[in-house]
Amino acid sequence: DGEARILIMEAASKRVLLRIRYQGSERLVEPYSLTYKTRRDGVSHEYFYCYNTTGGQTRTPGIRSLLSRDLAEIELTTEPFEPRYSYMHWIGWQITN
């Protein structure tokens, strides 16, 4: 939704972690990208790309692509993070500084 999108963009801009609830698991994530994609079958979804520091259901930290519509809760934290540029490149994020 619009509020989640605003919080994701704010966290990315401030380089602070987000606390989210996704598929019943609380996760602490580094926000990287919101991307709208259409699958081969014509179904379109907005995806939230993030680095999951806590692991979620797999318990393994790493890059995730989550359906943004399935974010049950989202909260801005004050905990800073240093961007992982290798992941930003992997998801196609343009680095402009």
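**Which residue in β2 does Leu-18 stand opposite?**

Leu-18 stands opposite Val-29 in β2. The exercises below build outward from there. This is a predicted model, in which local features need pLDDT of at least 70, side-chain atom pairs count only at pLDDT 80 or more, and totals for chains, interfaces and linings use all residues. Residues are numbered from 1 along each chain as its sequence is written, and side-chain values use heavy atoms, with hydrogens and water left out.

**Exercise 1. Sketch the order of the elements and judge the confidence in them.**

Step 1. Start with the count: the protein has two helices and five strands. Helices (H or I, at least four residues) and strands (E, at least two) are DSSP runs, numbered from the N terminus.

Step 2. Put them in sequence order, and the pattern reads α-β-β-β-β-β-α.

Step 3. Now look at pLDDT, the predictor's confidence in each residue, from 0 to 100. Its mean over the protein is 85, with 86% of residues at 70 or more. Of the elements, β1 has the highest mean, 96, and helix α2 (residues 85-90) the lowest, 57. Where pLDDT is low, predicted coordinates should not be read in detail.

**Exercise 2. Place strand β1 among its partners.**

Step 1. Find the pairings; two strands pair if DSSP finds at least two bridges between them. β1 runs antiparallel to strand β2 (residues 25-38), and five bridges join them. With strand β5 (residues 71-80), β1 pairs over six bridges, also in the antiparallel sense.

Step 2. Return to Leu-18, which has Leu-76 opposite it in β5 and Val-29 opposite it in β2.

Step 3. Check burial, where buried means under 20% relative accessible area, exposed over 50%, and partly exposed in between (1.4 Å probe, protein chains only). Strand β1 (residues 16-22) is largely enclosed by the rest of the structure, because five of its seven residues are buried. In the protein as a whole, buried residues make up 40% of the 97 residues.

**Exercise 3. Find two residues with a positive phi on either side of β1.**

Step 1. Recall the background: most residues other than glycine have a negative phi.

Step 2. Take Arg-15, in the loop between α1 and β1. Its phi is positive, about 55 degrees, although Arg-15 is not a glycine. With a relative accessible area of 34%, Arg-15 is partly exposed.

Step 3. Take Gln-23, in the loop between β1 and β2. The hairpin of these strands has two residues between them, and Gln-23 takes a positive phi near 50 degrees there. Gln-23 counts as partly exposed, at 47% relative accessibility.

**Exercise 4. Describe the surroundings of Leu-28.**

Step 1. Locate Leu-28 in strand β2.

Step 2. Read its accessibility: at 14%, Leu-28 counts as buried.

Step 3. List its contacts, meaning heavy atoms within 4.5 Å. Not counting residues up to four places away in sequence, Leu-28 touches several residues, including Leu-17, Leu-18, Tyr-51, Thr-77 and Glu-79.

Step 4. Compare sequence with space for one of these: Leu-28 and Leu-17 are eleven residues apart in sequence and 6.4 Å apart in space, C-alpha to C-alpha.
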